[in-house]
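Open the model in your viewer and keep the selection box ready. This tour goes stop by stop, telling you what to select and what is there.

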Amino acid sequence: MTEKTRTLGTDSPLAVSSLGLGCMGMSEFYGTPDEDAGLATIHRALDLGITFLDTADMYGPFTNEKLVGRAIAGRRDEVQLATKFGNVRGPNGERLGISGRPEYVRQACDASLQRLGVDHIDLYYQHRVDPNTPIEDTVGAMAELVDAGKVRHLGLSEASPATIRRAHAVHPITALETEYSLFTRDLEAEILPTIRELGIGLVPYSPLGRGILTGRLTADSLAQDGDARASRYFPRFQGEALEANLRLVENVKALAAEKGVTPGQIALAWVLAQGDDVVPIPGTKRVEYLEENAAARDIVLTDAELEALAAAVPQDAVKGSRYGDMSSIDNG
């Protein structure tokens, strides 16, 4: 049975639930938003001990933080609240680039606090690294937020090993949020060793491969209105790449059936088994899927099962890049 709490970071440690909840899809990108369903899902998560909630100012844009704020009203003390800045968007959803400028950091934090209706953020991430602003300047401004009591711990998202080292030298970084799943394992080469050397926790987003590892996704289901995965922005879900990737999912389905669990559960259990410093944040806007994910905490995988899962999805067998445009991913 997986412990129900884990600690991110050693120099600036933050105890969180062993499984988090990504709230993005409640407001944007995965079909039609449903605020009532989102509120119900967050409330159920807290009841199940999933108290590490992840949002960002860009989701919606701006509406997801408000949703999370409403959901945790009266229960703030139960929650480890994470949000992010850096992907700049306008009120109509337009994308305005990436900013890590100190004045923007301060402005973004104050705006997030107001939308969330809280007096502090437990974990504040730079969502994407700004190539035009030295990371030392950005993290220096973030550190000032810690000194002011507005933020408790600092994080980075999609940062390279070199950037992580430079940031950590300015102020302890508690967690790195990046994509990690059976379908996305490239961080194992350099990023994971770097953050473990520095005592930084890992928060994998899309630990179910953007839903493909649940076994429920098909070309037809992707066609629903408003699902961003159907766009060219996500090459793994296009044409022949999708067909090849769905064949890999069949391998995971077979192993899950042997274990008597769902494909999504065994995929999440694999991520959880990668270390006590790993806290995945699968996203969902439905209570039934939340409950399914929560049960993955109790699945124990043997070494042989872990090896079989890794072999079922060879890294070089996954077709398509994570994003159609990887230019916003920091390469140091």
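The stops below run from a hairpin to a sheet, a loop, a helix pair and the empty spaces. Keep in mind that this is a predicted model.

**Stop 1: the hairpin**

Select residues 5-8, which are strand E1, and residues 14-17, which are strand E2. The two strands pair in the antiparallel sense over 4 bridges. Pick Thr-5 to see one of the pairings: its bridge partner in E2 is Ser-17. Now look at the turn. E1 and E2 form a hairpin with 5 residues between them. Click on Gly-9 in that turn; its phi is positive, at about 80°.

**Stop 2: the open sheet**

How many strands does the open sheet have, and in what order? There are 7, and they run E3-E4-E5-E8-E9-E10-E11. The pairing here is parallel. In general, strands of a sheet pair through backbone hydrogen bonds, either parallel or antiparallel.

Colour the edges next. Select 20-22 for strand E3 and 201-205 for strand E11. Each of these edge strands pairs on one side only. Turn the sheet to view its twist, which averages 25° from one strand to the next.

Zoom in on one pair within the sheet. Strand E4 covers residues 52-54, and strand E5 covers residues 80-85. They pair in the parallel sense over 3 bridges. Select Asp-54 and Ala-82 together: Ala-82, in E5, is the bridge partner of Asp-54.

**Stop 3: the loop after E4**

Move to the loop between E4 and H2, where you find Pro-61. Which kind of peptide bond joins Gly-60 and Pro-61? The bond is cis, with omega at about -5°. Click on Phe-62, which sits in the loop between E4 and H2 as well. Phe-62 is not a glycine, yet its phi is positive, at about 75°. For background, most residues other than glycine have a negative phi, and most peptide bonds are trans.

**Stop 4: two helices**

Select residues 63-72 for helix H2 and residues 102-116 for helix H3. Their axes come within 7 Å and cross at roughly 45°. H2 and H3 are therefore oblique to each other.

Show the side chains at the contact. From H2, pick Glu-65, Lys-66, Val-68 and Gly-69. From H3, pick Ser-112, Arg-115 and Leu-116, which meet them. The residues of this contact divide into 2 nonpolar, 2 polar and 3 charged.

**Stop 5: the empty spaces**

Rolling a probe the size of a water molecule over the atoms shows where empty space is left. Try the second largest pocket, with a volume of about 190 Å³. It is lined by 17 residues. Select Asp-186, Ile-191, Arg-322, Ile-329 and Asp-330, which lie nearest its centre. The lining of this pocket divides into 7 nonpolar, 4 polar and 6 charged residues.

Finish at the cavity. The structure holds 1 cavity of 30 Å³ or more. The largest cavity has a volume of about 70 Å³. Which residues line the largest cavity? Select Glu-179, Phe-183, Gly-209, Arg-210, Ile-212, Arg-236, Phe-237, Asn-245 and Arg-322. This lining divides into 3 nonpolar, 2 polar and 4 charged residues.

Key: Residues numbered from 1 in each chain as written. Heavy atoms only, no water. Axes fitted to C-alpha atoms, helices over the stretch in contact; angles between N-to-C directions. Parallel < 35°, antiparallel > 145°, perpendicular 65-115°, else oblique. Contact = heavy atoms within 4.5 Å. Nonpolar A, V, L, I, M, F, W, Y, C, P; charged D, E, K, R; others polar. Pairing = 2+ DSSP bridges. 1 Å grid on protein atoms, 1.4 Å probe; cavity = no way out; pocket = protein on both sides within 12 Å on 5 of 7 lines; lining within 4 Å. Points joined across faces, edges and corners; volume = space filled by probe spheres on them.
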